[in-house]
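Student: Please take a close look at the ligand site in this model. Start with the contacts and then work outward through the surrounding protein.

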Amino acid sequence: MNVVVRRDYEELSHTAALAFAQLVRTKPHSSVVLATGNTPMGMYDMLTRMKEKGEFDPSKLRIFQLDGYLGLTPEDSRSLEGWLRRAVLQPWGISNEKFVRLPEDTLDAEASIRSYIDEVQQAGGFDIAVLGLGPNGHLGFNEPPSHSTSPTRVVTLTEESIRSNALYWGGEERVPRQSITAGMDILLQSKAIMLLVSGVKKKDILTRTLSAPMQANTPSSYLTPLQSVTIFTDEACMEGQHLSSGEVHHE
Ligand code: PGA
């Protein structure tokens with residue numbers, strides 16, 4: 001695991017965008033799984049600007065949805081597929097053929113999950129995973145407790161996630177109770193994992209992620225032994241964290 005600490009959210013987004021663009025340059029046909037949530041939006045916007053200047057070419061990527069709420073259509077304002085379409089697929093010009101849904105509107109979740117896993121396997125796994133960090137340590141909607149082997153599945157949201165996601169949708173009653181998520185098993189096997197964590201409100205969970213023993217109650221703790229992981233964070237979030245200097249890069 002590497003930790004890259006930048007001064008603030010803007011610099012974090014900039015550095016993460018450059019790192020992502022470099023990975024794509026190395027392998028233009030990458031299969032990538034992308035988080036929604038607020039944290040990666042600065043990086044996605046930056047990549048959109050780089051695309052407009054000819055500095056980033058997403059045209060060969062295959063993009064996988066990370067997670068979603070069960071029971072919503074993509075047109076629903078709360079749909080995470082809808083959010084990903086607006087933030088990434090449309091600005092990057094990704095066609096439907098190059099997008100693999102984890103369909104929130106599925107009538108047969110088991111069949112949809114099987115077909116998603118098949119697509120991931122056919123792609124040879126994820127080349128790049130861009131993840132945010134939930135206040136409870138969730139990755140995607142792998143809510144605690146989730147093990148390193150937890151598969152792609154339907155998950156019931158914890159009270160903490162309902163509270164934190166209420167910020168997006170204007171009230172807890174607007175947050176669906178069930179989600180569908182790419183499993184820990186396939187996420188942890190990604191060849192490159194970028195975890196984006198910003199701000200003082202994520203300080204406690206970042207501390208737990210970095211220092212607690214690996215445990216299902218903090219799913220993000222399974223990232224720490226992996227060479228493939230880079231955590232992009234900012235000074236507000238890192239203040240007071242103690243890590244060996246080999247792991248931390250202040251840029
Ligand atoms: P955030 O969400 O990026 O909006 O903080 C992260 C998450 O809950 O996974």
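Tutor: The answer begins at the ligand, moves to the aromatic rings, and ends with a loop and two distance checks. Keep in mind throughout that this is a predicted model.

Where does the ligand sit? It sits in the largest pocket. The residues around it include a run of Gly37, Asn38 and Thr39. Leu133 and Gly134 are also there. His138, Tyr168 and Lys202 complete the list.

Now the polar atoms. A ligand oxygen lies 2.5 Å from a side-chain N or O atom of tyrosine 168. For the side chain of lysine 202, the distance from a ligand oxygen to an N or O atom is 2.6 Å. Asparagine 38 takes part through its backbone: a polar backbone atom there is 2.8 Å from an oxygen of the ligand. How much of the ligand does the protein bury? Taken alone, the ligand exposes 280 Å², and the protein buries 88% of that.

Tyrosine 168 leads on to the aromatic rings. Besides being one of the residues around the ligand, Tyr168 belongs to an aromatic cluster with Tyr69, Trp83, Phe141 and Trp169. Across the model, the count of aromatic pairs is 11. Take phenylalanine 64 and phenylalanine 126 as one example: their ring centres are 5.2 Å apart and their planes meet at 75°, so the pair is edge-to-face. The cut-off that matters here is an angle over 60 degrees. Phenylalanine 64 is in strand S3 (residues 62-65), while phenylalanine 126 is in the loop between helix H4 (109-122) and strand S6 (128-132). They are 62 residues apart, so to speak of distant parts of the chain being linked is fair. Phenylalanine 64 and phenylalanine 126 are buried.

Back to the cluster. Tyrosine 69 and tryptophan 169 have ring centres 6.3 Å apart, with planes at 75°, so this pair is edge-to-face too. The pairing limit is 6.5 Å between centres. Tyrosine 69 lies in strand S4 (residues 67-69) and tryptophan 169 in helix H5 (residues 159-169), so the pair ties together parts 100 residues apart in sequence. Tyrosine 69 and tryptophan 169 are each buried.

Next, the loop between S6 and strand S7 (153-156), which holds proline 145. The peptide bond joining proline 144 and proline 145 is cis, with omega at about -5°. Most peptide bonds are trans. Serine 146 lies in this loop as well. Is serine 146 buried or exposed? Its relative accessibility is 0%, so it counts as buried. The side chain of serine 146 has a polar atom 2.6 Å from the backbone oxygen of glutamate 143. The serine 146 side chain also makes a polar contact of 2.9 Å with the side chain of arginine 153.

Last, two distances for scale. Glutamate 11, in helix H1 (residues 9-26), is partly exposed at 21% relative accessible area. Its C-alpha is 32 Å from that of serine 179, with their positions 168 residues apart in sequence. Arginine 78 is in the loop between S4 and helix H3 (80-92). At 16% relative accessibility, arginine 78 counts as buried, because the limit is under 20%. From arginine 78 to glutamine 241, the C-alpha separation is 34 Å, and the two are 163 residues apart along the chain.

Conventions. Residues are numbered from 1 along each chain as its sequence is written. This is a predicted model: local features need pLDDT of at least 70, side-chain atom pairs count only at pLDDT 80 or more; totals for chains, interfaces and linings use all residues. Side-chain values use heavy atoms; hydrogens and water are left out. Rings of Phe, Tyr and Trp (its six-membered ring) pair if their centres lie within 6.5 Å; planes under 30 degrees apart count as stacked, over 60 as edge-to-face and the rest as tilted. Helices (H or I, at least four residues) and strands (E, at least two) are DSSP runs, numbered from the N terminus. Buried means under 20% relative accessible area, exposed over 50%, partly exposed in between (1.4 Å probe, protein chains only). A residue is near a molecule or strand if one of its heavy atoms lies within 4 Å of it. A polar contact is a pair of N or O atoms within 3.5 Å; within protein, one must be able to donate a hydrogen and the other to accept it, and residues adjacent in sequence count only if both atoms are side-chain atoms. Accessible areas come from the Shrake-Rupley method with a 1.4 Å probe; for residues, only the protein chains shown count as cover. On a 1 Å grid over the protein atoms alone, a cavity is a set of points where a 1.4 Å probe fits but cannot get out, and a pocket is an open set with protein on both sides within 12 Å along at least five of seven lines; lining residues have an atom within 4 Å of a point. A molecule sits in a cavity or pocket if more than half of its atoms lie within 2 Å of its grid points.
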